[in-house]
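Subject: Handing over a structure

Dear colleague,

I am passing a structure on to you, and I would be glad if you could look it over before reading my notes. It is placed directly below.

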Amino acid sequence: MRIARFATAGKDAAHGTIELASDGGDNPDSIAVLDGDPFAGGAVHAAGERHRLHDVRLLAPVIPRSKIVGVGRNFADHAAEMGHEVPVGAPLLFFKPNTSIVGLGEPIIVPAGVEHLHFEGELAIVIGRRCKDVPADQVSEVIFGYTIANDVTQRDWQSSDGQWARAKGSDTFCPLGPFIATDLTIVEASRLSIRTRVNGDLRQDGNTSQMVRGISELVSFISSFTTLLPGDLILTGTPKGVGNIGDGDVVEIEIDGLGTLSNPVLASTRGPSS
């Protein structure tokens, strides 16, 4: 099932299930409206309303009420290209605020005066229920699904600040979408191709099988020190090939079975940051 969050003219954002004609159905690409929020608790049912997919605007499929947890240097080839070793012992983790999220087609804003703004195509895990201290062999029970994330990073701030809050948590630095796939097993999600293109040129071509720490290990470890809530996101790391983006570029991240997340890049109209 593909769960999306969308907007139509004159109505509040809603959730729905995407149904594609290519799935073998008789209807054109459409979205069936759900009655309720899948992450708010309680039962969610089909509302009986349907829209053509091209008549709605897809939004970020979830805005976590609690947190986004990022995993750094979880692909050995990416760590090497940045001149770092893979972390020994505990995973390298950081947080991004929910205000960094934008959806499909929304712009990534380049802060004024900034150079070395990088894209990072990643698989995102979406948590489905409140959980703590989850054993690795029970992680599948707490995962709602998977989507695509772009862990946009400002490299100069990352180096100068001594921590990553500004470099990875600025507004628009977490494009997310276009939908959440809920039917992938952990085994299937652990062997997905990740391809990132900038202006049509292939920049990243990796696979989730290359992750140093897999999905079960990450969820189990993160839940050992912080309670995970419905809608929380875990960004699992990026393969090699990251690089600069700037005003006028278009970043497209494609993951098998999860669609394509595309975002334009725009220069800020505000004064320079320091």
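What follows goes from the whole chain to two of its residues.

Please bear in mind that this is a predicted model, in which local features need pLDDT of at least 70 and side-chain atom pairs count only at pLDDT 80 or more, while totals for chains, interfaces and linings use all residues. Residues are numbered from 1 along each chain as its sequence is written, and side-chain values use heavy atoms, with hydrogens and water left out.

The protein has 5 helices and 19 strands, where helices (H or I, at least four residues) and strands (E, at least two) are DSSP runs numbered from the N terminus. Its radius of gyration, taken over C-alpha atoms, is 18 Å, and the globule rule (2.2 Å times the number of residues to the power 0.38) gives 19 Å for 274 residues, so the protein is as compact as a globular protein of that length. The C-alpha trace spans about 55 × 45 × 30 Å along the principal axes. Of the 274 residues, 50% count as buried, which is to say under 20% relative accessible area with a 1.4 Å probe, protein chains only. Among contacts (heavy atoms within 4.5 Å) between residues at least 6 apart in sequence, 71% join residues at least 24 apart.

Turning to single residues, Asp 232 lies in the loop between helix 5 (215-223) and strand 17 (233-235), and it counts as buried at 0% relative accessibility. A polar contact of 2.9 Å joins its side chain to that of Lys 67; such a contact is a pair of N or O atoms within 3.5 Å, of which, within protein, one must be able to donate a hydrogen and the other to accept it, and residues adjacent in sequence count only if both atoms are side-chain atoms. Leaving aside neighbours within four places in sequence, the residues in contact with Asp 232 include Pro 64, Ser 66, Ile 125 and Thr 227.

Thr 236 is found in the loop between strand 17 and strand 18 (250-255), and Thr 236 is likewise buried, with a relative accessible area of 1%. A polar atom of its side chain lies 2.8 Å from the backbone oxygen of Leu 123. With neighbours within four places in sequence again set aside, Thr 236 is in contact with residues including Val 71, Phe 75, Leu 123, Ile 125 and Met 211.

With best wishes
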